[in-house]
Amino acid sequence: MNMTTALALIASGMLLFWSTLIGTRLARPPRWTGDTMVMCFIAPAVIFLCVSGMGILVYLLVTGAWRSMGASDYTSAGAVLAAAAIAGLLLARWSRRAPRAVAAEVIPLQRPETPEPPRPAPQLSRPRKAA
């Protein structure tokens, strides 16, 4: 069960990252891909999901708990991976069909012909004695 949970966490983190990456590049980005949502919710969620899933998997490998897994555990882990693969295919299809935003134009700025005059060094006054 722990392996299934770990795989589900990793797959959901990867799918959330991929969908956000696609959503921000669209001609009309969805509301959930605004700067504040990505900064305050989506990025921490992706990091949390991936790190916690990897942590569970590393724990299972280090403690050797994966040796006591049965057929039902492998079946449920396979079902999670199959669901993630299907969701990834649907996400890739959405990515191909959605209209992309126009690439931003780079406007070259001309450098000034004459450099700015050097600034004079600050004048330091004599140190005063404390009263």
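In this predicted model, the side chain of Thr4 makes a polar contact with the side chain of Ser76, at 2.8 Å. Thr4 lies in helix α1. Is Thr4 buried or exposed? Thr4 counts as buried because its relative accessibility is 9%, and the cut-off for buried is under 20%. Beyond the residues up to four places away in sequence, Thr4 touches Asp73, Ser76, Ala77 and Val80. Two of these partners, Ala77 and Val80, are listed among the buried residues of helix α3.

The helix that holds Thr4 may be considered next. Helix α1 has 23 residues, and the distance from its first C-alpha to its last is 33 Å, close to the 33 Å expected at 1.5 Å a residue. Its buried residues are Thr4, Ala6, Leu7, Leu9, Ile10, Ala11, Gly13, Ser19, Thr20, Ile22 and Gly23. Against which helices do the buried residues of α1 pack? They pack against α2, which comprises residues 35-63, and against α3.

Cys50 illustrates the side of this packing that involves helix α2. Cys50 is found in α2 and is partly exposed, since its relative accessible area is 22%, which lies between the limits of 20% for buried and 50% for exposed. Leaving aside neighbours within four places in sequence, Cys50 is in contact with Leu9, Ile10, Gly13 and Met14. Of these, Leu9, Ile10 and Gly13 appear among the buried residues of α1. Cys50 and Ala11 are 39 residues apart in sequence, yet their C-alpha atoms are 7.9 Å apart in space.

Between α1 and α2 there is a loop, and Thr33 is placed in it. Thr33 has a relative accessible area of 7% and is therefore buried. Not counting residues up to four places away in sequence, Thr33 touches Thr20, Gly23, Thr24 and Val38. Thr33 and Gly23 are separated by 10 residues in sequence and by 6.3 Å in space, C-alpha to C-alpha. In addition, a polar atom of the Thr33 side chain lies 2.8 Å from the backbone oxygen of Pro30.

Attention now turns to helix α3. This helix runs over residues 71-97 and has 27 residues, so at 1.5 Å a residue it should span 39 Å; its end C-alpha atoms are 39 Å apart, which agrees. The buried residues of α3 are Ala77, Val80, Ala84, Gly88, Leu91, Ala92 and Ser95. What covers these buried residues includes α1, residues 2-24. Trp94 also has its place in α3, but with a relative accessibility of 32% Trp94 counts as partly exposed. Together with Trp32, Met37 and Phe41, Trp94 makes a nonpolar surface patch of about 380 Å².

The final stop is Pro99, which is located in the segment after α3. Pro99 is exposed, because its relative accessible area is 56% and the cut-off for exposed is over 50%. Which residues does Pro99 contact, if neighbours within four places in sequence are left aside? They are Leu26 and Ala27. By contrast, Pro99 and Arg119 are 20 residues apart in sequence and 51 Å apart in space, C-alpha to C-alpha.

Terms used
Residues numbered from 1 in each chain as written. Predicted model: local features only at pLDDT ≥ 70, side-chain atom pairs only at ≥ 80, totals over all residues. Heavy atoms only, no water. Helix = DSSP H or I, 4+ residues; strand = E, 2+ residues; numbered from the N terminus. Expected span 1.5 Å × (residues − 1). Buried < 20%, exposed > 50% of the residue type's maximum accessible area, 1.4 Å probe, protein only. Contact = heavy atoms within 4.5 Å. Patch = residues over 30% accessible without salt bridge, like charges linked within 9 Å, V, L, I, M, F, W, Y side chains within 5 Å. Areas by Shrake-Rupley, 256 points an atom, 1.4 Å probe, with all protein chains shown as cover. Salt bridge = Lys/Arg side-chain N within 4 Å of Asp/Glu carboxyl O. Polar contact = N/O pair within 3.5 Å; in protein donor to acceptor, adjacent residues only side chain to side chain.
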